[in-house]
Amino acid sequence: MATRSAEKMDSFKDILEKSQRRLSDIADKLDDQREELSEDAAELWQQAKPKLGSLKESLTTAALSLQSQGEQARLQAHLAAMDAQDQWSYLSKTMTELTRNAQQKGRTELESAELQAHLAKMDARDFVNQQGEALSKDYQQAREKIEQASHTAMKELERSLEIIGKSWSNF
């Protein structure tokens with residue numbers, strides 16, 4: 001029975017150590033991404049950060065308490081675990097809010113980018129339409145000038161041939 005109790009204590013200690021590492025990882029990641037968070041999310045994180053430290057301290061206290069085998073140590077470990085549970089409940093809500101806030105910020109930025117792309121597409125279409133009209137007008141004017149120049153050249157050719165024809169008929 002004492003062996004089972006020791007195994008349970010070792011298992012509990014392992015769980016506490018893993019929990020501490022995971023909490024440290026979460027805190028490190030949030031600190032790394034703090035600049036990317038919205039102002040509200042960053043403020044939430046700053047409020048939650050001391051609670052996270054307190055939670056880590058509670059887990060450390062629980063792990064230290066496990067090292068001694070007396071009833072007092074078990075009671076301390078139990079109380080520290082309950083405190084950790086309470087603090088985790090608070091942190092869990094905060095993390096959910098941070099995640100929701102980050103998702104909303106991402107969604108807003110995506111919608112803004114889609115709107116900017118749509119507006120750019122409309123501007124490009126308007127530009128092409130305006131330029132197309134101007135090019136069509138320029139083409140029409142050039143065509144009319146070419147037709148007029150061709151007509152004038154044909155008239156001159158006809159007159160020249162008529163003059164040449166008359167001068168040959170006189171010979």
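In which helix is the place of Tyr90? In this predicted model, Tyr90 is placed in helix H3. The residue counts as partly exposed, because its relative accessibility is 32% and the partly exposed class runs between 20% and 50%. Leaving out residues up to four places away in sequence, Tyr90 touches Gln47, Ala48 and Lys51. For one of these partners, Lys51, the C-alpha atom is separated from that of Tyr90 by 8.2 Å, although the two residues are 39 apart along the chain.

The overall fold is described by helices: the protein chain has 3 helices and 0 strands, and its pattern along the sequence reads α-α-α. Helix H1 covers residues 2–32 and helix H2 covers residues 39–67, while helix H3 covers residues 71–169. The protein chain has 171 residues, of which 18% count as buried. The exposed surface of the protein chain is about 13,400 Å², and carbon and sulfur atoms supply 54% of that area. When contacts between residues at least 6 apart in sequence are considered, 79% of them join residues at least 24 apart.

Further positions in helix H3 were examined for burial and for contacts with residues elsewhere in the sequence. Gln87 is found in helix H3. With a relative accessible area of 9%, Gln87 falls under the 20% limit and is therefore buried. Setting aside neighbours within four places in sequence, Gln87 is in contact with Lys51, Ser54, Leu55 and Ser58. Lys51 is thus a partner of Gln87 and is also touched by Tyr90. Gln87 is buried, whereas Tyr90 is partly exposed.

Thr94 is also located in helix H3. Its relative accessible area is 5%, so Thr94 is classed as buried, the limit being under 20%. Apart from neighbours within four places in sequence, Thr94 is in contact with Leu44 and Ala48. Ala48 is therefore listed as a partner both of Thr94 and of Tyr90. Lys105 lies in helix H3 as well, and a relative accessibility of 27% makes Lys105 partly exposed. Between Lys105 and Ala41 the C-alpha to C-alpha distance is 9.9 Å, with their positions 64 residues apart in sequence.

The charged side chains form 2 salt bridges. One of them joins Arg100 and Glu97, with a nitrogen to oxygen distance of 2.4 Å. These two residues are 3 apart in helix H3, which means that about one helical turn separates them. Both ends of this pair are partly exposed: Arg100 has a relative accessibility of 45%, and Glu97 has 27%. The side chains of Glu147 and Arg143 also meet in a salt bridge, here with a nitrogen to oxygen distance of 3.4 Å. Glu147 and Arg143 are 4 residues apart in helix H3, so their separation is again about one helical turn. Glu147 is partly exposed at a relative accessible area of 44%, and Arg143 is partly exposed at 40%.

The open space in the model was considered next. Rolling a probe the size of a water molecule over the atoms reveals where space is left empty. The largest pocket holds about 160 Å³ of space. Its lining consists of Phe12, Ile15, Leu16, Ser19, Leu23, Leu55, Leu59, Ala81, Ala84, Gln85 and Trp88. Helices H1, H2 and H3 each supply at least two residues of this lining, and H1 gives the most, with 5 residues. By residue class, the lining of the largest pocket comprises 9 nonpolar residues, 2 polar residues and no charged ones. Leu55, one of the lining residues, is also among the contacts of Gln87.

How values were computed: Residues numbered from 1 in each chain as written. Predicted model: local features only at pLDDT ≥ 70, side-chain atom pairs only at ≥ 80, totals over all residues. Heavy atoms only, no water. Buried < 20%, exposed > 50% of the residue type's maximum accessible area, 1.4 Å probe, protein only. Contact = heavy atoms within 4.5 Å. Salt bridge = Lys/Arg side-chain N within 4 Å of Asp/Glu carboxyl O. Areas by Shrake-Rupley, 256 points an atom, 1.4 Å probe, with all protein chains shown as cover. 1 Å grid on protein atoms, 1.4 Å probe; cavity = no way out; pocket = protein on both sides within 12 Å on 5 of 7 lines; lining within 4 Å. Points joined across faces, edges and corners; volume = space filled by probe spheres on them. Nonpolar A, V, L, I, M, F, W, Y, C, P; charged D, E, K, R; others polar.
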